[in-house]
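Me: Hey, can you walk me through this protein? I'm new to reading structures, so plain words please.

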Amino acid sequence: MKKFISVLLSVIMILSVVSVGISAAEKEADLSFAVASDLHYNPPREELENTITYEPMFWYANRRCAMEDESGYIIDEFLKQCAENKDCQFVLISGDLADDGRTRPEDHRAVAAKLEKFENETGKPVYVINGNHDAAEDSKTPFALFKEIYHKFGYDEALAKRDSDCSYTADLSEKYRLIALDSNDPSKSTEDGMTRDKINWVHEQVEQCKADGKYPILMMHHNLLDHLPIQRIISRNFIVRNHFSTAERFADWGVKVVLTGHEHCNDAAGYTSLLGNKIYDFATTSLTMFPLSYRFFTFTDDEITYENKTIDTIDYDALVANTKGYTDEMINGMKEDLYEYSKAFLKAGIKYRLGRDMKLEAMDVSEDDFYYDIVATAVNDLNELLDMPMYGENSVQKIADGYSIDIPDSKIKSGWDLVGELMAWHYEGEEPFDMTSTPEVSILLRAAVCIIRKDLADVSDVSIFKAANKLLDKNGMDTIGNKITLFFIEQFGSYTALEYLLAAIASPIAYNFAFDDDGVPDNNGTIEGYGTSTTMGNIKNIGNNVTDITAKIVLYAKLMLNYLMNILYKFI
């Protein structure tokens, strides 16, 4: 009996060793890496400069809303996390490595030094591609210089290169090959530079991948798929031209994963070609602005998993030692919750940027222009409403009450705070905000209606009833425009027929802004691996695609009919 037990234990131990070896072999065949984008490195200043006066802690905020003085330390912490992550095999960076990279090649050299130190200490390779801030043929950093500075990070080991731009390919493992595509215009600062020649080059490289038994992973700076509703119209410089036809080609050629940046948002989007091939565009937000995050991917034949990781600390001693001006309150705020600190910094930057842009001089409007009074009234009114507290006396909520618009209570402090929250949602990803049940969306829509009504009423007072209003003002009476607005509300309710009609047309777009319902989780999720593509799978994908499109059409029709039925019910 003892002999039997000994033999049994020996067999179990042998099988355990074998299974561990098999698991290790399977793990070795897997691919796992970190992806960061839009590092926008800025060298730390000797001293912080006062930008705005209305923020007690974030007075050094900037128009980009990025933590520029902290950027180098955020990059250091990102690389430290990658070094300490035993599952991280290498690092990918999808463009905009330096904020002023076009004019300051020395900033690129500073970033390259950080990457080289990381590679030397960890043995983990780094692969980069340029963004619109990094290089241009008519700048101090032409493409050749960019490739020279970053030659150790993809170019030295490249299997194929394009002399006319910064594109290249490199093997990531025995199964996977990176196609790093320069999507930038050679001279224009923001626009994409996607051309037929570049698309054909991608096709050639994908075919070579297949010939070599590899799966292609594409990395470029500009987005391939929409990460905003109708992005090609409202944010056209951030997505490649002819993006649907390009996505159709890439998917049918065999590309499943595309890694992008530029839009500064965490958003994952999927597309199914007419032949049933699926492709996913993973846009990664800027590493050095809220929410200070990057992605981590794990690939197997069967599935691809991805998760969002954040930077929650930096070297505060080095920060204070190199840049003067940080108060104890600021440093303690970062130490206590860097996530919330970066969010508040983002809001301060948004207010600074939009507030600066919403000035008459910034709009190039002068007092000699015949429309000066109208524009001045609209702009000044909007600024006052955004500055106004959301609740309490003399608030947006009080004004809304006059228009029979109910703004529910929330933690939102002001119009600017609401704008900041909305922008933070977009940058952070995961916007599953149902239009009817989420307070923030309800507050947004109702506050927007209130602001528009108040603004239009005041504009009409200036443009149409200017002389009459002077007489009414002397007698302490309300202006005519506002009286007319309130009269229509009393007679027909809080919404006019025209407003319902406009809402019916705009509701699908507004819904998409607030509710990211494309079925692909933005920050943490799993998609099918490269090894799962089959004819039957493609047929299933086509069926699912038809179902999804039909469901979306039904939803949009329902949203529009909801408003149109209100017109029939109230006004006919």
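Me: What share of the 572 residues counts as buried?
Reply: 49% of them do. Buried means under 20% relative accessible area, while exposed means over 50% and partly exposed is in between, with a 1.4 Å probe and only protein chains considered. Keep in mind that this is a predicted model, where local features need pLDDT of at least 70 and side-chain atom pairs count only at pLDDT 80 or more, though totals for chains, interfaces and linings use all residues. Residues are numbered from 1 along each chain as its sequence is written, and side-chain values use heavy atoms, with hydrogens and water left out.

Me: Ok, and what does the accessible surface come to?
Reply: About 27500 Å², and 56% of that belongs to carbon and sulfur atoms. Those areas come from the Shrake-Rupley method with a 1.4 Å probe; for residues, only the protein chains shown count as cover.

Me: How many helices and strands are there?
Reply: The protein has 19 helices and 13 strands. Both are DSSP runs numbered from the N terminus: helices are H or I with at least four residues, strands are E with at least two.

Me: Let's do sheets. What's the order of the six strands in the open one?
Reply: The order is β3-β2-β1-β11-β12-β13, with mixed pairing. Two strands pair if DSSP finds at least two bridges between them. At the edges are β3 (126-128) and β13 (525-528); each has a single partner strand, so one side of each has no neighbour in the sheet. From one strand to the next, the twist averages 25°.

Me: How do β1 and β11 pair?
Reply: β1 (residues 31-36) and β11 (residues 293-299) are antiparallel, with five bridges. One example is A34, whose bridge partner in β11 is F296.

Me: And what joins β11 to β12?
Reply: A hairpin does, through three residues. The two strands run antiparallel and share seven bridges. S293 has T310 as its bridge partner in β12, and R295 stands opposite N308 there.

Me: Is β11 largely enclosed or left open?
Reply: Largely enclosed by the rest of the structure, because six of its seven residues are buried.

Me: Which strand does β12 pair with over four bridges?
Reply: That's β13, again in the antiparallel sense. Y306 stands opposite G525 in β13.

Me: Which strands does helix α2 lie across?
Reply: Helix α2 (residues 71-84) lies across β1, β2 (90-93), β11 and β12 (303-310), at about 175° to β1. Angles run from 0 to 180 degrees between N-to-C directions, and axes are lines fitted to C-alpha atoms, for helices over the stretch in contact. Contact means heavy atoms within 4.5 Å. Helix α3 (residues 105-122) lies across β2 and β3, running at about 150° to β3.

Me: New topic: what's the order in the sheet of seven strands?
Reply: This open sheet goes β4-β5-β6-β7-β8-β10-β9, with mixed pairing. Its edge strands, β4 (160-161) and β9 (267-272), each pair on one side only. β9 pairs with β10 (residues 278-283) in the antiparallel sense over six bridges, and T272 has K278 as its bridge partner in β10.

Me: Which strands does α6 touch there?
Reply: Helix α6 (residues 196-211) packs on the sheet and touches β4, β5 (168-171), β6 (176-180) and β7 (215-219), with its direction at about 170° to that of β6. Helix α8 (residues 243-253) lies across β7, β9 and β10, at about 120° to β10.

Me: Now helix on helix. How do α11 and α14 cross?
Reply: The axes of α11 (residues 338-357) and α14 (residues 415-428) come within 9 Å and cross at roughly 120°. Residues making the contact include L346 and I350 of α11 and W416 and M423 of α14.

Me: How do the contact residues divide?
Reply: Into nine nonpolar, two polar and six charged. Ala, Val, Leu, Ile, Met, Phe, Trp, Tyr, Cys and Pro count as nonpolar, Asp, Glu, Lys and Arg as charged, and the others, Gly among them, as polar.

Me: Last one: is D417 buried or exposed?
Reply: Buried, because its relative accessibility is 13%. D417 is in helix α14 and touches K347, K411 and I412, leaving aside residues up to four places away in sequence. The C-alpha atoms of D417 and A348 are separated by 9.0 Å, and these residues are 69 apart along the chain.
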